[in-house]
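Student: I'd like to learn how to read aromatic pairs in a model. Can we work through one together?

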Amino acid sequence: MGAIDRAWQCDGIVRTQPIQRAAMHIVLLGWLYVIFTMALTMRPIVAGIAFFLVVGLGPLFVYAALTLRRRRPRK
């Protein structure tokens with residue numbers, strides 16, 4: 001079991017190692033950069049904004065919601 005796979009527990013909340021969280025932040029920033037540059041190339045400005053909101057920020061909000069739900073302590 002490597003350092004990335006391990007988890008530690010504090011106050012009933014299981015948290016992942018900082019290495020894994022930093023790697024996920026890099027992936028999310030890369031995703032947003034690629035989607036932003038794709039949205040810039042779209043001709044109608046409204047289409048570019050809608051594309052960025054749906055394809056760029058949509059999955060980001062879903063990931064954040066699932067992460068927060070997973071970290072809540074069970075009663």
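Student: How many aromatic pairs does the count come to here?

Tutor: Keep in mind that this is a predicted model. The count comes to one aromatic pair.

Student: What describes a pair like that?

Tutor: In general, you describe a pair of aromatic rings by the distance of the centres and the angle of the planes. Here the partners are F36 and F52, with ring centres 6.0 Å apart and planes at 80°. Planes over 60 degrees apart count as edge-to-face, so that's what we call this pair.

Student: Where in the chain do F36 and F52 sit?

Tutor: F36 is in helix α1, residues 18–40, and F52 is in helix α2, residues 45–71. They're 16 residues apart, and the pair links distant parts of the chain. For the wider layout, the protein chain has two helices and two strands, running β-β-α-α along the sequence.

Student: Is F36 buried, exposed or partly exposed?

Tutor: Partly exposed: the relative accessible area of F36 is 43%. As for the whole protein chain, buried residues make up 12% of its 75 residues.

Student: And F51, which residues does that one touch?

Tutor: Leaving out residues up to four places away in sequence, F51 touches I35, M38, A39, M42 and G56. F51 lies in helix α2, and its C-alpha atom is separated by 8.9 Å from that of F36, 15 residues apart along the chain.

Student: What about the surface of the protein chain?

Tutor: The protein chain exposes about 6400 Å², with 69% of that supplied by carbon and sulfur atoms.

Notes
Residues are numbered from 1 along each chain as its sequence is written. This is a predicted model: local features need pLDDT of at least 70, side-chain atom pairs count only at pLDDT 80 or more; totals for chains, interfaces and linings use all residues. Side-chain values use heavy atoms; hydrogens and water are left out. Helices (H or I, at least four residues) and strands (E, at least two) are DSSP runs, numbered from the N terminus. Buried means under 20% relative accessible area, exposed over 50%, partly exposed in between (1.4 Å probe, protein chains only). Accessible areas come from the Shrake-Rupley method with a 1.4 Å probe; for residues, only the protein chains shown count as cover. Rings of Phe, Tyr and Trp (its six-membered ring) pair if their centres lie within 6.5 Å; planes under 30 degrees apart count as stacked, over 60 as edge-to-face and the rest as tilted. Contact means heavy atoms within 4.5 Å.
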